[in-house]
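Please prepare a briefing on the overall build of the protein shown here, with the cut-offs behind each term.

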Amino acid sequence: MAIVDKVRAHWPIDEDNDSIGEDIHSTWDLTDRNTLTSDTGKIGKCGKFIAYSQENIYAGSDDDFYDLQDGFGFSVWFKTESTFDSNARRVLTKRNQYEIWRTSGYYGSSDLKIKVNKASGNVTETLISGLGTNLWYFLYWGCDGSNLKYSVNGATLTTGGAISDYNTTSYKLEIGNWSGTGLTGRFWNSLIDEVTYWGSMLTQDEINSIYNSGSGLAYPFSGGDDSATMTQEYYRRLLGGQ
């Protein structure tokens, strides 16, 4: 199976204004709130999220964007600010189901956390302790029907808390904000690029390929530097190019 076969939606966040939330894989286009603009991304262009302008992109309806039975997850490139403020800023959320946010950097180190809400309680993990400033990071996280799993910058997949059920919600998927609020302190205040919604869990080799030694790999994710791709190519040549 090619990596792209696991994609359910992909938002490169490349274009200005009306098409900046375009899903180039399927039909889950996102709505641009307050005229998000572009900047230089990890791959091509990216979204420049300005918190005080309350800019983000969001789903037009309460589409599921989760599937515990078959597994699901997201990958995203994001860049941190040059200086952390006292706000808890969101990278990606579906309020009351999952959220990824940067904790306040005003009183100490600023961390990246994830919370996944179960039908009873929630699972919270620290993804990155002590974020650096003005740096690009690559995050992959997923749920396989049993546990939360995640990888930062191509690191070995970490298994987090158990998730066997899921909280229901009427909130929409949002990139760059905490769903359903107009609180300026919740909006992301830097760059976000190449967001992918996955319909099943990625393997370590697939994560390595997309991370691509820190250079990133553009959709449809052909190539990269993972061992699985190189092994497939070896056997293809061994069989005379078949």
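The briefing below covers the fold, the surface and the nonpolar cores.

This is a predicted model, in which local features need pLDDT of at least 70 and side-chain atom pairs count only at pLDDT 80 or more, while totals for chains, interfaces and linings use all residues. Residues are numbered from 1 along each chain as its sequence is written, and side-chain values use heavy atoms, with hydrogens and water left out.

**Fold and dimensions**
- The protein has two helices and 15 strands, taken as DSSP runs (H or I of at least four residues for helices, E of at least two for strands).
- Because a compact globule of 242 residues would have a radius of gyration near 18 Å, the 17 Å of the protein agrees with that expectation; the radius is taken over C-alpha atoms, and the rule is 2.2 Å times the number of residues to the power 0.38.
- Of the contacts with a separation of 6 or more, 60% join residues 24 or more positions apart, where contact means heavy atoms within 4.5 Å.

**Burial and cores**
- Half of the protein, 50% of its 242 residues, counts as buried, meaning under 20% relative accessible area with a 1.4 Å probe and protein chains only.
- The largest nonpolar core has 43 residues, and those with the most contacts inside it are W11, F74, F78, Y98, W141 and I192; such a core is a set of buried Ala, Val, Leu, Ile, Met, Phe, Trp, Tyr and Cys residues joined through side-chain atoms within 4.5 Å.
- A second, separate core of 17 residues includes C46, W77, W136 and Y211.
- Beyond its neighbours within four places in sequence, I192 is in contact with residues including I13, F49, V76, F78, V91 and I175.
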